[in-house]
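The exercises below ask you to read a model step by step, with the sequence and the coordinates side by side. Try each task before turning to its solution.

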Amino acid sequence: MPCIRNPFAILILLLPFPASAVLGDTAASVLDDQARMKGTLRSVDNRTYVMHEITSSTGTVVREFVSPQGAVFGVAWEGQFPPDLQQLLGPYYEQAQQVQASAQQTDSQQPRRRRGPIVIDTPGLVLYETGHARNFRGQAYIPQLVPQGVQATDIH
Amino acid sequence: MRSLGILLVLGSLVLMTACGGGGGSSSGGGGNTSTITSVAASCAPSPVQSGQTSQCSATVMGTGNFSSAVTWATSAGQISASGLLTAPIIVSGSTSATVTATSAQDSTKSGTSTETVTAIAAANNVAPIIVDAGPQNLSYLSTNVPFVTITICVPGNAPPSAECQTIDHVTVDTGSSGLRIVSSVLTIALPPENDSNGNPLDECLVFADGYVWGPVATADIYVVGEKAPNVPVQVMIPTTTSPPVPSGCQNPPGGNGNEGVSVDAFGANALIGVGLFQQDCGPGCTSGAPNFYYSCPASGCNPTNVPLLQQVANPVSKFSTDNNGVLLQMASVPDGGSLTASGFLVFGIGTESNNALGSSVVYTVPDTGNNAGVFNTIFNGTNYSGSVIDSGTSAFLFLSSATSGVPPTCTSDNYLYCPTTSPDNLTAVNQGSNGQSGPTTHFSIENGVNLLNTSNTAFSTLGGPNPGAFDWGLPFFFGRDVFTAIENMGAPGGTPPYFAYNLP
């Protein structure tokens with residue numbers, strides 16, 4: 001279910017040239033993701049940001065949100081299989097691990113275990129992922145890089 | 001003397017009468033006054049099984065051109081405007097529901113019928129469920145996990161046999177498909193499954209917050225009187241056991257890593273996925289070799305395609321009868337929680353007298369695509385498309401505190417809600433892909449930190465965030481019937497896969 005907000009301009013790009021797209025990186029990195037995911041790319045410019053949507057060969061959709069300054073400020077994904085999040089999130093994958101590890105230490109008083117979505121809400125990184133049989137979805141963004149006027153709910 | 005009129009009204013006719021009658025207390029243009037002399041009520045079938053329906057009807061007697069319309073009420077369960085009683089949920093013994101029909105014309109005239117409600121009786125398709133502290137020697141208190149006991153055998157054997165093993169504390173999961181067993185629990189040697197090249201077949205199953213890894217094996221599965229022969233299952237192995245976890249089997253960012261390494265890590269001895277699908281992966285793993293099934297020769301594991309019949313299968317779909325889905329019926333749990341809770345896993349939908357769909361509303365979900373298995377929840381006027389009903393989730397997980405109308409997360413635990421007014425009573429409307437919206441669904445959230453700071457293991461009011469979506473976890477199951485219908489198996493009420501549930 002592709003959601004296109006304010007599709008002032010829709011560019012269809014099918015250019016397989018390489019770079020390296022991770023969260024926080026430059027727009028050029030988007031195309032590397034496309035190549036790696038063997039996916040098709042669709043780009044939507046809605047003036048406050050450009051959204052690049054990559055559909056992988058397994059059907060998983062990854063959307064990368066690029067600011068006017070050229071930074072990938074957010075990513076979102078959905079599909080039967082989660083994408084390679086280690087690649088997509090870059091250093092923020094490790095940061096998410098560290099946030100959770102310290103949270104678990106804080107929670108060590110609580111003798112319970114939980115099973116459910118990942119929810120990370122820190123000043124430097126917001127990340128959600130939820131998943132069930134044949135359905136994964138998530139989003140991650142860097143609050144400082146989000147352009148003015150863009151809502152967190154736009155990154156989906 | 002006016003003649004005495006008697007009108008026997010089936011509940012279903014009452015609405016029509018009420019609509020046409022206008023509700024006036026006098027009638028007949030000549031100014032004759034009509035009166036109601038008595039109202040009597042009765043329901044059939046009687047007694048009625050917990051969660052099932054009984055059609056009530058009223059006999060209204062009066063004089064003149066009186067209205068036969070009645071309004072219905074019940075002391076327990078739910079009754080519709082047309083007199084269809086949905087019996088309250090009980091899981092042992094019997095209880096009663098007093099049904100009252102009140103004359104629409106004269107509210108001082110009413111009749112009652114006391115309906116006996118009986119718990120689901122022991123049967124071949126009924127497995128008892130317990131929510132308790134969890135498997136033996138668990139180092140923490142289990143929270144809202146429903147467990148059943150199953151028996152597995154090396155294919156071709158039947159219990160009692162040394163080639164069979166009974167396993168308790170098996171998690172019932174409507175959110176996945178397939179049986180997965182912690183390897184250290186196994187005392188029998190299940191034959192491993194090989195791929196088409198004769199190499200061992202292994203599987204990586206990713207959850208929201210972790211993954212499990214290990215070989216596919218074959219077992220005969222017995223649950224009460226049902227048998228599923230030659231079912232591909234997964235044996236979950238520790239990371240240190242060969243074959244090693246391949247790099248494509250990835251921990252979600254901030255996840256718990258390999259959750260199948262031990263009973264303690266998994267929180268159960270095994271998990272039986274009785275969800276919407278016949279296989280855990282399905283057509284997505286028959287081509288394109290995603291990071292799911294792996295061919296594991298001695299040289300290392302690589303993603304591989306697996307035909308549907310060799311994929312880890314929903315055991316229910318492999319039963320010879322009662323194989324189109326399941327009903328979970330869990331007892332009500334009061335605010336604050338309870339030490340334990342019990343209920344039933346009933347196999348089949350509409351296949352026996354104990355698993356009728358009754359008044360449950362069907363919410364169909366897509367079978368394939370990126371919205372497979374999810375439906376729409378409308379909350380505070382906004383649509384959220386990623387909803388599931390999942391007994392393997394321990395709380396109502398929905399939205400985030402940033403979304404208006406949702407309780408704040410707890411300051412000491414941002415995975416739980418801590419409403420300022422407790423309980424925080426909320427409502428939502430669910431909508432299947434068939435476009436059918438159900439009645440308003442009610443749910444309540446209490447302070448999660450306070451709840452978990454008790455010795456209780458069952459909670460009907462535990463909630464936490466799940467940004468942008470609703471995951472109706474085990475709290476949702478307490479006090480209602482919840483059905484999951486399996487794809488391509490045929491079921492009453494709609495085209496599977498679907499969820500269905502009753503009671504508000």
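**Exercise 1. Into which domains is chain B divided, and how is its confidence distributed?**

Solution. Begin with the caution that the coordinates come from a predicted model. The assignment divides chain B into domain 1 (4–118), domain 2 (126–318) and domain 3 (351–501). The C-alpha centres of domain 1 of chain B and domain 2 of chain B are 51 Å apart. Next, consider confidence: the average pLDDT of chain B is 92, and 93% of the residues score at least 70. Over residues 1–30 of chain B, however, pLDDT stays under 50, although the model has 50 contacts beyond four places in sequence for this stretch. Where pLDDT is low, predicted coordinates should not be read in detail.

**Exercise 2. Describe the open sheet of chain B that contains β3, β9, β8 and β5, and work out which strands stand at its edges.**

Solution. First establish the order, which is β3-β9-β8-β5 in chain B, with mixed pairing among the four strands. The edges are held by β3 (48–49) and β5 (70–74) of chain B, each of which has a single partner strand, so that one side of each is left without a neighbour in the sheet. Then take the pairings in turn. Strand β8 (residues 94–103) of chain B and strand β9 (residues 110–118) of chain B are antiparallel and share nine bridges, and B:Ser94 lies opposite B:Thr118 in β9(B). Between β5(B) and β8(B), which also run antiparallel, there are five bridges; here B:Trp72 has B:Ala101 of β8(B) as its bridge partner. Finally, follow the side chains along β5(B), where B:Val70, B:Trp72 and B:Thr74 point to one face and are buried, whereas B:Thr71 and B:Ala73 point to the other face and are not buried.

**Exercise 3. Which residues have the most contacts inside the largest nonpolar core, and which strand supplies its largest share?**

Solution. The largest nonpolar core has 178 residues, and B:Val148 and B:Ala270 are those with the most contacts inside it. Its largest share, eight residues, is supplied by strand β15 (residues 211–223) of chain B. To see the surroundings of B:Val148, set aside residues up to four places away in sequence; B:Val148 then touches B:Ala127, B:Ile129, B:Val170, B:Val172, B:Val223, B:Ile272 and B:Leu345. As background, nonpolar side chains tend to be buried together in soluble globular proteins.

**Exercise 4. Is B:Ser353 buried or exposed, and where in chain B is it placed?**

Solution. Locate the residue first: B:Ser353 belongs to the loop between β21 (341–347) and β22 (361–364) of chain B. Then count its neighbours, of which there are 11 other C-beta atoms within 10 Å. Because a residue with 12 or fewer such atoms is classed as exposed, B:Ser353 is exposed. A last step compares sequence with space, since B:Ser353 and B:Ile120 are 233 residues apart along the chain while their C-alpha atoms are separated by 10.0 Å.

**Exercise 5. What is the strand order in the seven-stranded open sheet of chain B, and which of its strands supply residues to the side that touches chain A?**

Solution. The sheet has the order β29-β28-β23-β24-β31-β25-β30 in chain B, and its pairing is mixed. At its edges are β29 (441–445) and β30 (463–464) of chain B, which each pair on one side only. Within the sheet, β24(B) and β31(B) run parallel and are joined by two bridges, with B:Ile389 opposite B:Trp472 in β31(B).

Now turn to the interface, in which 50 residues of chain B are in contact with 43 residues of chain A. On the chain B side, β24 (382–389), β27 (413–417) and β31 (466–472) each supply at least two residues, and the largest share, five residues, comes from β31(B). Sorted by type, the residues of this side are 20 nonpolar, 25 polar and five charged. The predictor gives the complex an ipTM of 0.85 and a pTM of 0.90.

**Exercise 6. How many helices and strands does chain A have, and in what pattern do they follow one another?**

Solution. Chain A has three helices and eight strands, which along the sequence follow the pattern β-α-β-β-β-β-α-α-β-β-β. Of the 156 residues in chain A, 49% are buried. As for confidence, the mean pLDDT of chain A is 79, with 81% of its residues reaching 70 or more, while over residues 1–20 of chain A pLDDT stays under 50.

Key. Residues numbered from 1 in each chain as written. Chains lettered and ligands numbered in written order. Predicted model: local features only at pLDDT ≥ 70, side-chain atom pairs only at ≥ 80, totals over all residues. Contact = placed C-beta atoms within 7 Å. Nonpolar A, V, L, I, M, F, W, Y, C, P; charged D, E, K, R; others polar. pLDDT = per-residue confidence, 0-100. Buried ≥ 20, exposed ≤ 12 C-beta atoms within 10 Å, placed from the backbone. Pairing = 2+ DSSP bridges. Core = buried A, V, L, I, M, F, W, Y, C linked by C-beta atoms within 7 Å. Domains from an automatic or database assignment.
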